[in-house]
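Colleague: Could you walk me through this model? I'd like to ask a few questions as we look at it together.

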Amino acid sequence: MLLQLGDLLKSATGTKKLHNIYYDEIIVDEFNIISSSGVIWLTKINMGVWVNTKIQLSIASNCDRCLEKYNQEIHLESDDIFYHFDYLGKNPELYDRIDGPEFFYIKDNMIELTESFRQNILVNMPIKLLCNLNCQGIKNKNNRITNTK
Ligand SMILES: [Zn+2]
């Protein structure tokens with residue numbers, strides 16, 4: 001997801017800009033995201049832009065017990081700094097980390113948030129996917145429980 005910064009970088013430090021997330025706006029390849037909602041606050045800081053996200057996602061998943069499809073709701077909250085290239089130029093120790101997986105920078109007055117979302121989904125997805133906490137597992141035609149691991 002690319003977000004245009006508009007005039008934010010020309011604004012005074014501390015200036016905030018709000019982006020409301022559309023229901024189909026967040027796309028991350030590995031996950032089947034059905035809907036999204038929430039906010040992204042952008043704040044101009046001397047290093048670039050501080051990005052604070054609060055997002056609710058509904059992700060199509062398969063239950064680990066009954067194997068049925070269900071929608072896993074997850075809540076993401078994250079804080080990321082997207083560095084300005086001018087700032088990186090003056091801070092070579094930061095510039096050396098530019099290829100790291102959790103290092104973000106501003107490109108063409110835009111920020112690319114997909115990798116941050118991807119990392120946050122991985123952290124917040126439950127280890128065991130359950131359609132509900134009391135899921136009884138796979139039931140056969142007689143409604144007997146055959147899988148209750
Ligand atoms: Zn289930």
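Modeller: Happy to; what follows is a short round of questions and answers on this predicted model.

Colleague: What pattern does the protein chain follow along the sequence?

Modeller: Let's start with the tally: the secondary structure comes to three helices and seven strands. Read from the beginning of the sequence, the protein chain follows β-β-β-β-β-α-α-β-β-α.

Colleague: What radius of gyration does the protein chain have, and what would a compact globule of 149 residues have?

Modeller: Along the principal axes, the C-alpha atoms fill a box of roughly 70 × 30 × 20 Å. Of the 149 residues, 18% count as buried. A compact globule of 149 residues would have a radius of gyration near 15 Å, but the protein chain has 20 Å.

Colleague: In what order do the five strands of the open sheet lie?

Modeller: We can go through it pair by pair. Strand β3 (residues 32–45) runs antiparallel to β4 (residues 48–62), with 13 bridges joining them, while β4 and β5 are also paired in the antiparallel sense, over 15 bridges. β5 and β6, in turn, run parallel and are joined by two bridges. The pairing is thus mixed, and the order is β2-β3-β4-β5-β6.

Colleague: Which strands stand at the edges, each with a single partner strand?

Modeller: The sheet is open, in the order β2-β3-β4-β5-β6. A strand with a single partner has one side left without a neighbour in the sheet, so the edges are held by β2 (16–21) and β6.

Colleague: Could you give me some residue pairs to look for? Which residue is the bridge partner of F82 in β6?

Modeller: Two other pairs make good landmarks: G38 has I55 in β4 as its bridge partner, and N62 stands opposite K69 in β5. For F82, the bridge partner in β6 is F104.

Colleague: Which residue takes a positive phi in the hairpin of β4 and β5?

Modeller: This hairpin connects two strands that pair over 15 bridges. Between the strands there are six residues, and the one with a positive phi, near 70°, is L67.

Colleague: Why do the buried residues of α3 line one face of the helix?

Modeller: Helix α3 (residues 114–124) has S116, F117, N120 and I121 as its buried residues. Seen down the axis of α3, they line one face because they fall within an arc of 130°.

Colleague: Which residues are exposed on the other side of α3, and which strands are included in what covers its buried residues?

Modeller: On the other side of the helix, L122 and V123 are exposed. As for the buried residues, what covers them includes β5 (69–83) and β6 (104–105).

Colleague: Let's finish with L94. Is L94 buried or partly exposed?

Modeller: L94 has its place in helix α2 (residues 92–95). Beyond its neighbours within four places in sequence, L94 is in contact with Y83 and L88. Being buried takes 20 or more other C-beta atoms within 10 Å. L94 has 16, so L94 is partly exposed.

Colleague: How many Å apart in space are L94 and L3?

Modeller: In sequence, L94 and L3 are 91 residues apart. Across the protein chain, 57% of contacts between residues at least 6 apart in sequence join residues at least 24 apart. From C-alpha to C-alpha, L94 and L3 are apart by 23 Å.

Note on methods: Residues numbered from 1 in each chain as written. Predicted model: local features only at pLDDT ≥ 70, side-chain atom pairs only at ≥ 80, totals over all residues. Helix = DSSP H or I, 4+ residues; strand = E, 2+ residues; numbered from the N terminus. Rg over C-alpha atoms; globule rule 2.2 N^0.38 Å. Buried ≥ 20, exposed ≤ 12 C-beta atoms within 10 Å, placed from the backbone. Contact = placed C-beta atoms within 7 Å. Arc of directions from axis to C-beta. Pairing = 2+ DSSP bridges.
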